[in-house]
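Me: I have not met this structure before. Please take me through it by question and answer, in plain terms.

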Amino acid sequence: MADKLRIGIIGTGGIAHSHVNAYKNFPDVEVVAGADIIPGKARAFLDKFDLKDATAYESHEELCKRDDIDAVSVCTYNSQHSVCSVAALESGKDVLLEKPMAITLQQGIDIMRAEKKSGKFVTVGFQPRYDANSVRIKQIVQSGELGKIYYVQTGGGRRRGIPGGTFIEKDKAGVGALADIGCYALDLALNTIGYPKPLTVSAIATNYIAKNPKYYAEPERFEVDDFSAAFIRLEGGITLDFRMSWGMHMDTTGDFIFLGSEGGLKVKQPHYQLWGGAWDGPVGDIIYMHDQFGIPTQTPIPLAQNDKASLFEKKVRAFVDAVKTKGPAPIPTSQIIYNQAIIDGIIRSSAAGEEVKVVFPKI
Ligand SMILES: NC(=O)c1ccc[n+]([C@@H]2O[C@H](COP(=O)([O-])OP(=O)(O)OC[C@H]3O[C@@H](n4cnc5c(N)ncnc54)[C@H](O)[C@@H]3O)[C@@H](O)[C@H]2O)c1
């Protein structure tokens, strides 16, 4: 490894800007290349950041051929996550992969197989993991205070917040609100309870709001879900109840709830509409529900303050540090494959109109 860690960016669209902004803050890192399939886009992107010495490519394959690049950020739309991550791993590079992991469970498995074969790692970019209150919620639940956790409600969403661009096209995004912001709500719930394995999923995924020109400007281009709801059985006798929206005639899909045999934790959604499950904004009030001297009691938990570094910068820094120490991945695919399996199960169950089993092929 050279003095500085040498980074390549695959996909130089919207979110790639946040990656480069973070990398540029680190004196031990250098962005040396960018690739985008739209001709000229990677060059213009690198120039915008004054990265004149960095090389622009028009395919991820060309960038991956470079053996002087240590690691890459995969910032393409979802349908290319698996292809680009596998190519980067096969060429010996560690990967910071943007969320969601992929579109299907099979694509997630492909990434894990390439990871195993290469000895390199993939970390998935869930920056809310670094939010002080996400950490606090996990600490409370993991402390055992709530007893046996048997029911979790998660979700979030927007009354009106349907994006455009590549997010609504089937061949690029693959899945809508469910994958875009639903994956965050799933991660907050599953990470808090230790990522138990999903067993079955019964779900619906719809798009009544986005397909209506009264509510959305590009209904003819909209090919994915704008709302989904699911009932998921997890290993260990836990039920997960999930709802997610980009558009609905409702202000909220409800609070986060962790129900245990000895206590409950309610995490309220903040008091504004554009919320996507601990991503678009901080969580709302946290309330501990328990009995004290035989009396049902509610104890507000003081909200923790984040320090100055942005959550995004923390996620990129955690990746850089893991590359330098040769792993482990800060947010490993061994966890996120369960998140991906639920997204995959919701789409399959909605299409089949019945509950589906979740089966994991051998890695
Ligand atoms: N973590 C976050 O906060 C956050 C926020 C927004 C988006 N995202 C995720 O980031 C990803 C990208 O979102 P975006 O808004 O930047 O999308 P975008 O459409 O603006 O950018 C994606 C870019 O990837 C390029 N691309 C596609 N396939 C490629 C390939 N094989 N090789 C090289 N380039 C390729 C496209 O041409 C495009 O320029 C999505 O998966 C999204 O879910 C994460």
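Me: In which sense do strand β1 (residues 5-10) and strand β2 (residues 29-35) pair?
Reply: This is a predicted model, where local features need pLDDT of at least 70, side-chain atom pairs count only at pLDDT 80 or more, and totals for chains, interfaces and linings use all residues. Residues are numbered from 1 along each chain as its sequence is written. Strands (E, at least two residues) and helices (H or I, at least four) are DSSP runs numbered from the N terminus, and two strands pair if DSSP finds at least two bridges between them. Leu5 stands opposite Val29 in β2, and across six bridges the sense in which β1 and β2 pair is parallel.

Me: What angle does the direction of helix α1 (residues 16-23) make with that of β1?
Reply: Helix α1 packs on the sheet and touches β1, β2 and β4 (71-74), where contact is counted if the C-beta atoms of two residues, placed from the backbone, lie within 7 Å. Angles run from 0 to 180 degrees between N-to-C directions, and axes are lines fitted to C-alpha atoms, for helices over the stretch in contact. With β1, the direction of α1 makes about 170°.

Me: Which strands stand at the edges of the open sheet β3-β2-β1-β4-β5-β6?
Reply: This sheet of six strands has parallel pairing. An edge strand has a single partner strand, so one side is left without a neighbour in the sheet; here these are β3 (55-57) and β6 (122-125).

Me: By how much are neighbouring strands of this sheet turned against each other on average?
Reply: The strands concerned are those in the order β3-β2-β1-β4-β5-β6. With direction ignored, the average turn is 25°.

Me: Which are the edge strands of the open sheet of nine strands?
Reply: The order is β14-β13-β12-β11-β7-β10-β9-β8-β15, with mixed pairing. Pairing on one side only marks the edges, β14 (295-301) and β15 (356-357).

Me: Which residue is the bridge partner of Leu234 in β10?
Reply: Strand β9 (residues 227-234) and strand β10 (residues 238-245) run antiparallel and are joined by eight bridges. Leu234 has as its partner in β10 Ile238.

Me: At what angle to β8 (198-206) does helix α10 (residues 333-352) run?
Reply: Helix α8 (residues 182-192) lies across β7 (149-157), β9, β10 and β11 (256-260), at about 155° to β7. Helix α10 lies across β8, β9 and β15, and its angle to β8 is about 55°.

Me: How far apart do the C-alpha centres of domain 1 and domain 2 lie?
Reply: Domain bounds come from an automatic or database domain assignment. It gives domain 1 (5-127 + 310-331) and domain 2 (129-307 + 343-357). The distance between their C-alpha centres is 27 Å.

Me: Which helix gives the largest share of the side of domain 1 that touches domain 2?
Reply: The contact takes 14 residues from domain 1 and 15 residues from domain 2. The largest share on the domain 1 side is three residues, and they come from helix α9 (residues 311-324).

Me: Where does the ligand lie with respect to domain 1 and domain 2?
Reply: The ligand is surrounded by 27 residues (C-beta atom, placed from the backbone, within 6 Å), the closest being Gly11, Gly13, Gly14, Glu98 and Thr166. Both domains give residues to this shell, so the ligand lies between them.

Me: Where is the place of Pro100?
Reply: A cis peptide bond, with omega about -15°, joins Lys99 and Pro100. Most peptide bonds are trans. The place of Pro100 is in the loop between β5 (94-98) and α5 (105-118).

Me: What radius of gyration does the chain have?
Reply: The chain has 10 helices and 15 strands. The globule rule, 2.2 Å times the number of residues to the power 0.38, is compared with a radius taken over C-alpha atoms. For 363 residues the rule gives 21 Å, and the chain is close to that, so it is as compact as a globular protein of that length, with a radius of gyration of 21 Å.
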